[in-house]
Amino acid sequence: MIGIDIGFKWFIFVVTALLATGSSLMMVTRKNPIHSALWLIVTFFSIAIIYVLLNATFIAVAQVMVYAGAIMMLVLFVIMLIHLEWGKAQPAPKYSFPKLMGGLITVMFFLQVLAGIMAYTNIGKKDTYTPEMLASMGNTQAIGTLLYGKYVFAFEIASILLLVGIIGAVVLAKKIKD
Amino acid sequence: MIPASEFKWILPEIILTGWALVLLLIGGFSKGALSSRISGILCLVGSFSALFCTLNLWGVNIDIFNKLYTIDDYGTFLKVVFLIVLTLVTIISFRYTEREGIASGEYYSLLMFGVLGMMVMVSSHHFITIFIGLEVMSLSIYILCGLLRNNVKSVEASLKYFLLGAFATAFLLYGIALIYGSTGILDLVELKRYLLTKQPFAVTMFLAGIGLLIVGFGFKIASVPFHMWTPDVYQGAPTSITAYMATGVKAAAFGALVRVFYTALLPFICGWSTILWVIAVLTMCIGNITALVQRDVKRLLAYSSIAHAGYILVAFITGDREFTSSILFYLLVYTFMNIGAFTVVIMLGRNGEENTDIDSYAGLGVRRPFIALCMSIFLLSLAGIPPLAGFAGKFYVISAAVKSQYYWLAVIAVLNSVVAAYYYLRIITNMYFKEPIRELGVIDDAPQYGFVMLVCVWALFHMGIFPRMFILLAQQATRIFL
């Protein structure tokens with residue numbers, strides 16, 4: 001991604017960022033769970049494009065394969081298997097005090113974050129991984145070196161996290177014997 | 001590269017993981033009462049061996065695994081607290097899992113994984129490790145809450161805790177991301193050095209990050225206004241897990257909170273202490289006042305645990321590093337009082353029937369004087385009556401506030417503990433001065449419960465009358481912040 005005109009990059013970023021935000025909003029507001037899941041795929045794809053813009057090509061591919069591919073497949077399977085009877089649920093009141101308060105606080109919060117980002121001055125330190133260096137050593141190698149080198153302890157604990165998740169799924173889903 | 005010799009410092013964690021895996025295998029291959037008992041005993045052996053290894057780490061201060069993990073007295077102190085929680089909860093679970101028909105292999109191994117998560121969470125000054133440790137702990141507890149699968153309330157508690165917890169986790173992660181985005185640093189010690197040289201406090205993004213960190217941790221320690229889940233989850237979860245959550249999770253969350261804020265963000269104390277001042281006052285007041293009207297003992301203890309989080313926050317926001325020891329001491333004391341009280345709650349229940357309404361305690365003083373006496377000691381300690389350890393804990397916390405000239409906060413804390421005395425004493429008067437309203441079932445008697453109660457009573461008296469030794473240990477543990 002080096003070599004691309006910065007103005008064009010900025011244009012792609014704005015489009016994909018708007019697409020990601022819009023589709024995630026669509027995802028949470030749909031009544032039909034299948035529609036929600038499909039909108040989620042759009043979000044995942046737009047985020048993958050943002051990763052590409054950040055020179056994180058490996059993460060982008062992983063995002064498409066793992067999230068938009070495998071995980072969404074599972075989500076769709078689950079939706080079909082448990083066969084949610086949507087539409088029969090009690091319609092929630094359109095405007096209620098908690099809803100309005102929650103909406104207000106959320107809007108305020110996001111405006112603050114926006115203000116924070118607009119006022120952003122890069123005071124942080126520069127890391128060793130510049131785009132030029134990534135291009136020379138390869139994205140995958142850089143991630144591998146970090147993940148299995150510096151961050152190997154966190155990686156190991158994350159494996160236990162996944163194990164606990166699997167145990168939980170088995171324990172909670174297995175048949176109840178009486 | 002990581003030298004292999006560094007693995008000797010994480011021996012307690014390795015032992016816990018290994019035993020948890022063994023317990024899983026046992027649970028997979030055999031079922032029934034015998035295997036349940038064997039798993040319980042193995043879990044106990046595992047937690048004792050981990051405790052032994054952890055005690056050997058006292059006095060060691062070393063950064064390992066490329067500074068992703070830290071062994072120091074602060075972490076070791078908290079690890080000992082978690083392992084004490086694990087041991088006591090395991091002992092009360094011997095009978096409880098059998099009575100309620102909980103799959104014991106998975107139960108004990110998840111208990112151990114939960115403690116593993118807590119240990120990882122408090123002994124690191126790297127945001128990534130802290131976060132992953134917190135997630136290991138939380139995930140284990142979401143599952144443990146829902147293990148009574150025939151009980152709708154337990155399933156509800158699990159789901160509620162999971163959804164809200166995942167939400168809170170997202171806040172915490174967002175906070176970490178914003179701090180990383182504005183400084184480029186994930187290591188707390190480096191972050192502190194950076195904050196001292198440059199002044200990023202004017203950067204809104206950094207401030208938003210701190211705010212979100214407070215939300216994320218505030219949820220885990222059950223402080224107002226992030227406390228809504230506490231009563232429902234504490235009531236619905238299996239009672240042994242409630243005891244585990246009220247003590248272990250709270251200690252772990254406070255441990256990580258103190259480490260993050262005292263290591264990295266202390267130069268910025270005037271910014272966050274005001275926010276936490278309000279949260280502490282709200283937590284104490286709402287916790288105590290709502291507890292006044294509760295008729296269910298488990299819910300009452302849940303609100304009291306919210307109030308206690310407020311007392312600990314009082315010591316926390318003074319920001320005086322010399323008094324950080326009072327937080328550790330309070331957490332240790334709180335462990336014994338709460339596990340003791342929940343043991344009594346377990347004893348009054350039967351399979352499927354919890355008998356947790358306050359009327360079930362009427363006449364207990366005549367029928368079972370020993371249990372009533374123990375319960376009174378735990379409740380009096382929670383209320384902070386000398387010579388019990390609860391008094392010593394409150395004394396150090398409030399004196400920290402007074403010495404740091406937070407006079408109003410100290411006054412509010414004292415007034416709150418007066419209010420709190422009312423609802424604790426109400427259970428005691430129910431036990432001693434009221435006739436039983438209805439016929440009560442048999443009390444679930446088992447020597448294990450008696451043992452745990454005696455240990456807790458002894459610990460409360462010992463730490464209440466001779467708190468000096470424990471305070472000195474806690475002071476040594478918090479020396480890393482000086």
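This report walks through a predicted model of two protein chains, A and B.

Local features are reported at pLDDT of at least 70 and side-chain atom pairs at pLDDT 80 or more, while totals for chains, interfaces and linings use all residues. Residues are numbered from 1 along each chain as its sequence is written, chains are lettered from A in the order in which they are written, and side-chain values use heavy atoms, without hydrogens and water.

## Chain A in outline

Chain A holds seven helices and zero strands. Helices here are DSSP runs (H or I) of at least four residues, strands are runs (E) of at least two, and both are numbered from the N terminus. Read from the N terminus, the order is α-α-α-α-α-α-α. Chain A has 178 residues, and 23% of them are buried. Buried means under 20% relative accessible area, exposed means over 50%, and partly exposed lies in between (1.4 Å probe, protein chains only).

How do contacts in chain A spread along the sequence? Take those between residues at least 6 apart: 57% of them join residues at least 24 apart. A contact means heavy atoms within 4.5 Å.

## Helix H2 and its neighbours

Helix H2 of chain A covers residues 33–53. It has 21 residues and reaches 31 Å from its first C-alpha to its last. That is close to the 30 Å expected at 1.5 Å a residue. The expected span is 1.5 Å times one less than the number of residues.

Buried residues of H2(A) include Pro33(A), Leu40(A), Thr43(A), Phe44(A) and Ser46(A). The buried residues of this helix pack against H1 and helix H3 (57–82) of chain A. An α-helix has 3.6 residues a turn, so residues three or four places apart point the same way.

Both ends of H2(A) deserve a look. At the N-terminal end, Asn32(A) acts as a cap: a side-chain oxygen lies 3.0 Å from the backbone nitrogen of Ile34(A). Just after H2(A), Asn55(A) takes a positive phi of about 65 degrees.

Now move to H1. Ser23(A) sits in helix H1 (residues 6–29) of chain A. Is Ser23(A) buried or exposed? Ser23(A) is buried, because its relative accessible area is 1%. Leaving aside neighbours within four places in sequence, Ser23(A) is in contact with Trp39(A), Val42(A), Thr43(A) and Ser46(A). The side chain of Ser23(A) also makes a polar contact with the side chain of Thr43(A), at 3.0 Å. A polar contact is a pair of N or O atoms within 3.5 Å; within protein, one must be able to donate a hydrogen and the other to accept it, and residues adjacent in sequence count only if both atoms are side-chain atoms.

## Where the chains meet

The contact takes 31 residues from chain A and 42 residues from chain B. Together the chains bury about 3200 Å², with 76% of it on carbon and sulfur atoms. Buried area is the accessible area (1.4 Å probe) that two parts lose on being put together, summed over both.

Which elements of chain A give two or more residues to the side that touches chain B? They are helix H4 (97–118), helix H6 (139–150) and helix H7 (152–173) of chain A. H7(A) gives the largest share, 15 residues. The residues on this side of chain A divide into 21 nonpolar, five polar and five charged. Here Ala, Val, Leu, Ile, Met, Phe, Trp, Tyr, Cys and Pro count as nonpolar, Asp, Glu, Lys and Arg as charged, and the others, Gly among them, as polar.

Three residue pairs are in polar contact between chain A and chain B, both residues at pLDDT 80 or more. The rule finds zero salt bridges across this interface. A salt bridge is a side-chain nitrogen of Lys or Arg within 4 Å of a carboxyl oxygen of Asp or Glu.

## Backbone details in chain B

Two cis peptide bonds are listed here.

| Peptide bond | Omega | Place of the second proline or residue named |
|---|---|---|
| Val224(B) to Pro225(B), cis | near 5 degrees | Pro225(B): loop between helix H8 (204–220) and helix H9 (229–236) of chain B |
| Pro386(B) to Pro387(B), cis | near 10 degrees | Pro387(B): loop between helix H15 (369–383) and helix H16 (389–403) of chain B |

Phe65(B) has a positive phi of about 50 degrees although it is not a glycine. Phe65(B) lies in the loop between strand S1 (62–64) and strand S2 (69–71) of chain B. Phe65(B) counts as buried because its relative accessibility is 2%.

Gln405(B) is not a glycine either, and its positive phi is about 65 degrees. Gln405(B) is in the loop between H16 and helix H17 (407–433) of chain B. At 58% relative accessibility, Gln405(B) counts as exposed.
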